[in-house]
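Hi,

Here is the structure I said I would pass on. Have a look at it first, then read my notes below.

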Amino acid sequence: MTDMVVDAVDHLVRGIVSDPDAVSVTSSGGRRGTVIRVAVAPDDLGRVIGRGGRTASAIRTIVSAVGGPDVRVDVVDTDR
């Protein structure tokens with residue numbers, strides 16, 4: 001199930017950014033559930049977060065609908 005969610009997030013994010021080759025989506029499990037980490041190029045960070053965080057919130061809503069409430073999404077840039 002998690003692999004399907006990771007693939008879906010990868011597809012969504014690659015469609016948003018201007019540099020899809022810099023997108024990296026990974027998942028890791030922990031005590032509080034699964035964390036899907038989305039890394040993008042610094043120039044694309046604003047596109048993924050969106051105005052007022054709306055795009056990131058929409059991605060999180062889709063992930064919680066598909067993956068359940070124990071799946072979180074973190075968006076980071078590649079400079080970190």
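**What I found**

Let me start with R72: its relative accessibility is 35%, so it counts as partly exposed. Bear in mind as you read that this is a predicted model.

R72 has a partner. Its side chain meets that of D74 in a salt bridge, at 3.6 Å from N to O. D74 has a relative accessibility of 30%, so it is partly exposed too.

That pair is part of a short list, as the structure holds three salt bridges. Another one joins R14 to D10, and here the closest N and O atoms are 3.0 Å apart. Both R14 and D10 sit in helix α1, with their positions four residues apart in the numbering, or about one turn of the helix. R14 counts as partly exposed because its relative accessibility is 33%.

The remaining bridge is between the side chains of R47 and D44, with 3.7 Å from N to O. So are its two ends buried or exposed? R47 is partly exposed, because its relative accessibility comes to 46%. D44, on the other hand, has just 1% relative accessibility and therefore counts as buried; the cut-off for that is under 20%.

**A cavity between helices**

Next, the inside. How many cavities of 30 Å³ or more does the structure hold? There is one. The largest cavity encloses about 30 Å³ of space.

Its lining is made up of V5, A8, V9, L12, I62, V63 and V66. By type, these residues of the lining divide into seven nonpolar, no polar and no charged. Helices α1 and α3 each supply at least two of the lining residues, and α1 has the largest share, with four.

**A nonpolar patch on the surface**

Some of those names come up again on the outside. M4, L12, I62 and V66 form a nonpolar patch on the surface, and together they have about 310 Å² of accessible area. The helices involved are α1 (2-16) and α3 (54-67), each of which supplies at least two residues of the patch.

Take V66 as an example. It is located in helix α3, and it is one of the residues that line the largest cavity. V66 is also a member of the surface patch. Its relative accessibility is 36%, which means that it counts as partly exposed.

**Two buried residues**

I59 is another residue of helix α3. With a relative accessible area of 6%, I59 falls under the 20% cut-off and so is buried. Which residue did I pair it with for a distance check? That was V9: the two are 50 residues apart in sequence, yet their C-alpha atoms are 7.4 Å apart in space. V9 also belongs to the lining of the largest cavity.

The other one is V48, which you will find in helix α2 (residues 45-49). V48 is buried because its relative accessibility is 0%. V48 and V38 are 10 residues apart in sequence, with 9.4 Å from C-alpha to C-alpha.

If you only have a minute, I would look at α1 and α3 together, since that view takes in residues of the nonpolar patch as well as of the cavity lining.

Cheers

Note on methods: Residues numbered from 1 in each chain as written. Predicted model: local features only at pLDDT ≥ 70, side-chain atom pairs only at ≥ 80, totals over all residues. Heavy atoms only, no water. Patch = residues over 30% accessible without salt bridge, like charges linked within 9 Å, V, L, I, M, F, W, Y side chains within 5 Å. Areas by Shrake-Rupley, 256 points an atom, 1.4 Å probe, with all protein chains shown as cover. Salt bridge = Lys/Arg side-chain N within 4 Å of Asp/Glu carboxyl O. Buried < 20%, exposed > 50% of the residue type's maximum accessible area, 1.4 Å probe, protein only. 1 Å grid on protein atoms, 1.4 Å probe; cavity = no way out; pocket = protein on both sides within 12 Å on 5 of 7 lines; lining within 4 Å. Points joined across faces, edges and corners; volume = space filled by probe spheres on them. Nonpolar A, V, L, I, M, F, W, Y, C, P; charged D, E, K, R; others polar.
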